[in-house]
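Open your viewer, switch on the cartoon view and keep the selection tool at hand. We will go from stop to stop, with something to select at each one.

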Amino acid sequence: MWRRPLCAGSRYSEIKGIWGSRAVRRCSTPALPAGRITALQAVDLWKRHFVERGVTEPDHSSHYIMAYLLGAKTIESLEQGKLTEFLSREQTERMWQLCARRLSRMPVQYVIEEWDFRDLTLKMRPPVFIPRPETEELVELVLTDLEMKSGPGGGGDAQHTCLEVGCGSGAVSLSLLKSLPQLKAIAVDQSQEAVDLTRENALRLGLQDRLQVYHIDVMKDAETVLSLCSPVSALVSNPPYLFSEDMMSLEPEIFRFEDHAALDGGEDGLTVIKQILTLAPQILANPGRVYLEVDPRHPPLIRQWVEARVEEMHYVETRHDISGRPRFCILQRQKSNRDHKLGLD
């Protein structure tokens, strides 16, 4: 599987990491070799050229592109003999074409037009948001809870429906559907390109019959979202959560190629998150849950805001990502005080 994040780590680490500038050096593509060249020679040539031109992760970039060209997932999975064979003229030209895209700072995921997320291989194309490794952890949180609900004492074979807000390539919804055969999902995104790509990936994976995908902006079309969603068991989102002031610090791979609307969360990074949590009580079954991937600065802000503004939602817990950062918020729908007074079930 394509395991390395390659210019698509968590959004927080990206703005605080080694790139920290959108400056891109002007560069030209090296000329095609006059004679024949082996796969390893091509990899080494392009690695050196990436280094000279300031392209991040030059080693992994050249390795993944060559592996893709030779029909493999990783260069390590190829036989040594394959790497020492001469490339055909067509393969050499294709390698130069793909590496020229990387030289422009296009993320490898877009260069090779696919990437692995958990056990799925998904098509990728700009400007649709590239799923990050942390989001695999978000999927695991949702799966664990839904599997418990479906197990003995949790509803047995009860039919569950999940709503994903901001589906991008469809990584989250499709992973959930692949893992839970009884699950159905609804996915919405403000980007038509994202909706189209999610539908394409669903069709390629044979999951289209259990997934409804809609081109809807939750900030503008709240009523439409509510009308489409009967009570759902889970509402999951990896929403835009960057603070607006941090957008200008993004590295070129992200700033120049990914959809800014999937990144910019407003002044405090919470614009879309607040809208999701405002709508959640009207969308969730009782006791349905919301699962959010957020900026590490957000959990205490979200807890405080929900306790003051959304009576029907209870902040359950904060979970940390593999790097130890507070990355995920879990909230649950609960009866309001008004419901309790009226004796409503």
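Is P240 buried or exposed? Select P240: its relative accessible area is 12%, so P240 is buried. Here buried means under 20% relative accessible area, exposed means over 50%, and partly exposed lies in between, with a 1.4 Å probe and protein chains only. You will find P240 in the loop between strand 6 (232-237) and helix 11 (252-255). Helices (H or I, at least four residues) and strands (E, at least two) are DSSP runs, numbered from the N terminus. Now add L270 to your selection: P240 and L270 are 30 residues apart along the chain, and their C-alpha atoms are separated by 8.2 Å.

Before going on, here is what you are looking at. This is a predicted model, in which local features need pLDDT of at least 70, side-chain atom pairs count only at pLDDT 80 or more, and totals for chains, interfaces and linings use all residues. Residues are numbered from 1 along each chain as its sequence is written, and side-chain values use heavy atoms, with hydrogens and water left out.

**The whole chain**

Zoom out and colour by pLDDT, the predictor's confidence in each residue, from 0 to 100. The mean pLDDT of the protein chain is 90, and 87% of its residues reach 70 or more. Now select residues 1-5, where pLDDT stays under 50. Residues 12-24 also have pLDDT under 50 throughout.

In the cartoon, look for 14 helices and nine strands. Of the 345 residues of the protein chain, 52% count as buried. A contact means heavy atoms within 4.5 Å. Among contacts between residues at least 6 apart in sequence, 71% join residues at least 24 apart.

**The largest pocket**

Which residues are closest to the centre of the largest pocket? First, the rule: on a 1 Å grid over the protein atoms alone, a cavity is a set of points where a 1.4 Å probe fits but cannot get out, while a pocket is an open set with protein on both sides within 12 Å along at least five of seven lines; lining residues have an atom within 4 Å of a point. Grid points are joined across faces, edges and corners, and a volume is the space filled by probe spheres set on the points.

The largest pocket holds about 420 Å³ of space. Select G166, D189, P240, A261 and A262: of the 31 lining residues, these are the closest to its centre. So P240, our opening stop, is back, and P240 is buried. Next, select strand 3 (161-165), helix 8 (171-179) and strand 4 (184-189), each of which supplies at least two residues of the pocket lining. By class, that lining has 19 nonpolar, seven polar and five charged residues. Ala, Val, Leu, Ile, Met, Phe, Trp, Tyr, Cys and Pro count as nonpolar, Asp, Glu, Lys and Arg as charged, and the others, Gly among them, as polar.

**The largest cavity**

Select V165, V218, V225, L235, I276, L279 and I283, which line the largest cavity. Its volume is about 30 Å³. Helix 12 (residues 271-283) gives the largest share of this lining, three residues. The lining has seven nonpolar residues, with no polar and no charged ones.

**A buried arginine**

Select R132, in the loop between strand 2 (120-123) and helix 7 (133-150). R132 has 2% relative accessibility, so R132 counts as buried. Show side chains and add E258: the side chains of R132 and E258 make a polar contact (2.7 Å). A polar contact is a pair of N or O atoms within 3.5 Å; within protein, one must be able to donate a hydrogen and the other to accept it, and residues adjacent in sequence count only if both atoms are side-chain atoms.

**Backbone surprises**

Most residues other than glycine have a negative phi, and most peptide bonds are trans. Select E113, whose phi is near 65°, a positive value in a residue other than glycine. R118, not a glycine either, has a positive phi of about 55°. R118 lies in the loop between strand 1 and strand 2.

For the last stops, select P126 and P127, joined by a cis peptide bond with omega of about 5°. Then go to N286 and P287, where another cis peptide bond has omega of about 10°. P287 is in strand 7 (residues 284-293).
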